Amino acid sequence: MNAAARAPLTATTTYRLGLLGALAHARFTERIGSLGLKPKDVALLGLLHSEGPTTQLAVARRLAVAPSLVVTVADRLEALGAVRRLRDQSDRRRQQLVLTDTGLELLTRCTAIARELDEELTAGLDPAARQALDAALATLTTTLGLMN
């Protein structure tokens, strides 16, 4: 048996990223909850900010979620004044989701929360290690076709 086969599960990238991801997700979820938001809400706000007005179906495809979930998230964000639904001028049967100024402010606050959490999670790394981690994560998200 080779050394890689004997390495424990806890030494795998998958395990470590999963553990760190669960921790980061839980902390982020708790902190954005004070704004009345959930992680899927923030994902939708971020998508609208980066890609502009988008149909609900396109959002579902981009986030790889059921269209019914997008409707639920959009309803919640619309009630907060963070998004508006507008009829698509090219096809009046469809609605586009549009980020509002309130939505942009919420996204800005969520970004600040995420940056604070970044500082906490990477406190044990020196600046060079942080930069290397950021570069590696950017490469992985791009390579895997995930949102950056």
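**Exercise 1.** Which residues of helix H4 (residues 56–63) are buried?

*Solution.* The structure is a predicted model, and the working criterion is that a buried residue has under 20% relative accessible area. By that criterion, Gln-56, Val-59 and Ala-60 are buried in helix H4. The next step is to ask how they are arranged: they cover an arc of only 100° around the axis, and therefore they lie on the same side of H4. The last step is to identify their partners, and here the buried residues of H4 pack against helix H3 (39–51), strand S1 (54–55), helix H5 (67–79), strand S2 (83–88) and strand S3 (91–99). Directly after H4, Ala-64 adopts a positive phi of about 55°.

**Exercise 2.** Describe the fold of the chain in terms of its elements, and decide whether the chain is as compact as the globule rule would give.

*Solution.* Begin with the elements: the chain contains seven helices and three strands, which follow one another along the sequence in the pattern α-α-α-β-α-α-β-β-α-α. The radius of gyration is 18 Å, well over the 15 Å that the globule rule gives for 148 residues, so the chain is more spread out than a compact globule. Along its principal axes, the C-alpha trace spans about 60 × 30 × 25 Å.

**Exercise 3.** Characterise the burial, surface and charges of the chain.

*Solution.* Of the 148 residues in the chain, 24% are buried. The accessible surface comes to about 9,700 Å², and carbon and sulfur atoms account for 58% of that surface. Finally, the mean positions of the 18 positive and 15 negative charges lie 7 Å apart.

Definitions and conventions:
Residues numbered from 1 in each chain as written. Predicted model: local features only at pLDDT ≥ 70, side-chain atom pairs only at ≥ 80, totals over all residues. Heavy atoms only, no water. Helix = DSSP H or I, 4+ residues; strand = E, 2+ residues; numbered from the N terminus. Rg over C-alpha atoms; globule rule 2.2 N^0.38 Å. Buried < 20%, exposed > 50% of the residue type's maximum accessible area, 1.4 Å probe, protein only. Areas by Shrake-Rupley, 256 points an atom, 1.4 Å probe, with all protein chains shown as cover. Lys, Arg positive; Asp, Glu negative; His and termini not counted. Charge placed at Lys NZ, Arg CZ, Asp CG, Glu CD. Arc of directions from axis to C-beta. Contact = heavy atoms within 4.5 Å.
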